[in-house]
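Colleague: I am new to this structure and would like a close look at one part of it. Please take me through the part that a database record marks out, and then through what lies around it.

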Amino acid sequence: MGMKLAGIVLAGGQSRRFGSDKALEPFEESTFLDFALKNLKAVTETVAVIGRTDHYNENVQFFGDSAKYKGMGPLAGLYTAMNEVQAEWYLVLACDMPLIDKEILTVLLSGINEKQAAVIPVIHGKCHPLCALYHCSALSEIERLLDQKQLKMMTLLDQLNPVYLDESNFKNPGRFANINRREDLRILGDGHQQSIN
């Protein structure tokens with residue numbers, strides 16, 4: 001594959017509903033954040049974390065949110081990623097989707113099409129714009145929406161004419177689970193125990 005691909009973890013969320021820092025939640029003898037990084041490293045050559053600078057992981061760059069759009073959510077995170085990290089395609093993963101694995105990311109990459117500026121999974125009718133691919137050409141549209149304070153990711157998708165991949169493309173569509181509240185942790189089953197035999 002000749003294109004330049006960057007893996008981006010969005011880790012700038014406030015975790016208000018969760019009650020503690022989601023990125024550092026223990027999972028599989030690791031944390032949500034480091035687990036996301038491990039999976040992105042398996043499929044991309046450059047990996048960065050947007051939204052926090054207080055963490056270390058080998059060969060990973062960390063960037064705070066762009067001052068211009070600070071606190072403006074995932075759209076601002078995507079803007080920061082595209083400004084700070086040089087790539088053609090950005091494979092974006094929110095740090096609160098710990099069940100996303102290398103296999104799912106590989107399927108997303110297979111959906112790349114030079115005529116469409118995003119690849120978005122749609123699982124049982126629900127879009128997952130924070131486990132998706134975006135082409136660098138989307139930056140001007142992202143900037144325009146941020147300037148207009150239109151911060152919904154779905155508004156961006158409406159402008160991009162994405163490739164949509166439904167659940168039939170994925171062996172385990174149940175892995176597209178967001179952990180928003182502490183009670184959602186039960187979805188993770190045994191993997192969420194801190195000490196694994």
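Modeller: Gladly! A word on the record before we start: UniProt positions are given here in the numbering of this model, feature names are shortened, and an annotation may be inferred rather than shown by experiment. Please also keep in mind that the model is a predicted one.

With that in place, the unreviewed UniProt entry carries the annotation "binding site" for Leu10, Ala11, Gly12, Lys22, Asp65 and Asp96. Let us visit three of these positions in turn.

Start with Ala11, which sits in the loop that joins strand E1 (5-10) to strand E2 (26-27). Its relative accessibility is 8%, so Ala11 counts as buried. If we set aside residues up to four places away in sequence, Ala11 touches Leu33, Val49, Ile50, Gly51, Arg52 and Cys95. One of these partners, Leu33, will come back when we reach helix H1, where Leu33 is among the buried residues.

Next comes Lys22, which is also placed in the loop between E1 and E2. You might wonder whether this lysine is buried or exposed. Lys22 counts as buried, because its relative accessibility is 11% and the cut-off for buried is under 20%. Apart from neighbours within four places in sequence, its contacts are Ser15, Phe32, Asp96, Ile179 and Asn180.

That list leads straight to Asp96, another position covered by the "binding site" annotation of the unreviewed UniProt entry. Asp96 belongs to the loop between E6 and H3. With a relative accessibility of 9%, Asp96 counts as buried as well. Leaving out residues up to four places away, Asp96 touches Lys22, Phe32, Ala177, Asn178, Ile179 and Asn180. Compare the two lists and you will find Phe32, Ile179 and Asn180 in contact with Lys22 and in contact with Asp96, while Lys22 and Asp96 also touch each other.

Now look at the helices around these loops. Phe32 and Leu33 are among the buried residues of H1, together with Asp34, Phe35, Ala36, Leu37, Asn39 and Leu40. Helix H1 is mostly covered, with 8 of its 10 residues buried.

On the other side of the Asp96 loop comes helix H3 (residues 102-110), where Ile104, Leu105, Val107, Leu108 and Leu109 are buried. What do the buried residues of H3 pack against? Their partners are E1, helix H1 (32-41), strand E6 (89-94), strand E7 (118-123), strand E9 (131-135) and strand E10 (163-166). That ties our tour together: E1 and H1 are among the elements that H3 packs against, the loop between E1 and E2 holds Ala11 and Lys22, and H1 contains the buried Phe32 and Leu33.

For contrast, finish at a residue outside the annotated list. Asn59 lies in the loop between strand E4 (46-50) and strand E5 (60-63). At 67% relative accessibility, Asn59 counts as exposed. Its backbone is worth a glance too: phi of Asn59 is near 60°, a positive value in a residue other than glycine. Most residues other than glycine have a negative phi.

How values were computed: Residues numbered from 1 in each chain as written. Predicted model: local features only at pLDDT ≥ 70, side-chain atom pairs only at ≥ 80, totals over all residues. Heavy atoms only, no water. Helix = DSSP H or I, 4+ residues; strand = E, 2+ residues; numbered from the N terminus. Buried < 20%, exposed > 50% of the residue type's maximum accessible area, 1.4 Å probe, protein only. Contact = heavy atoms within 4.5 Å.
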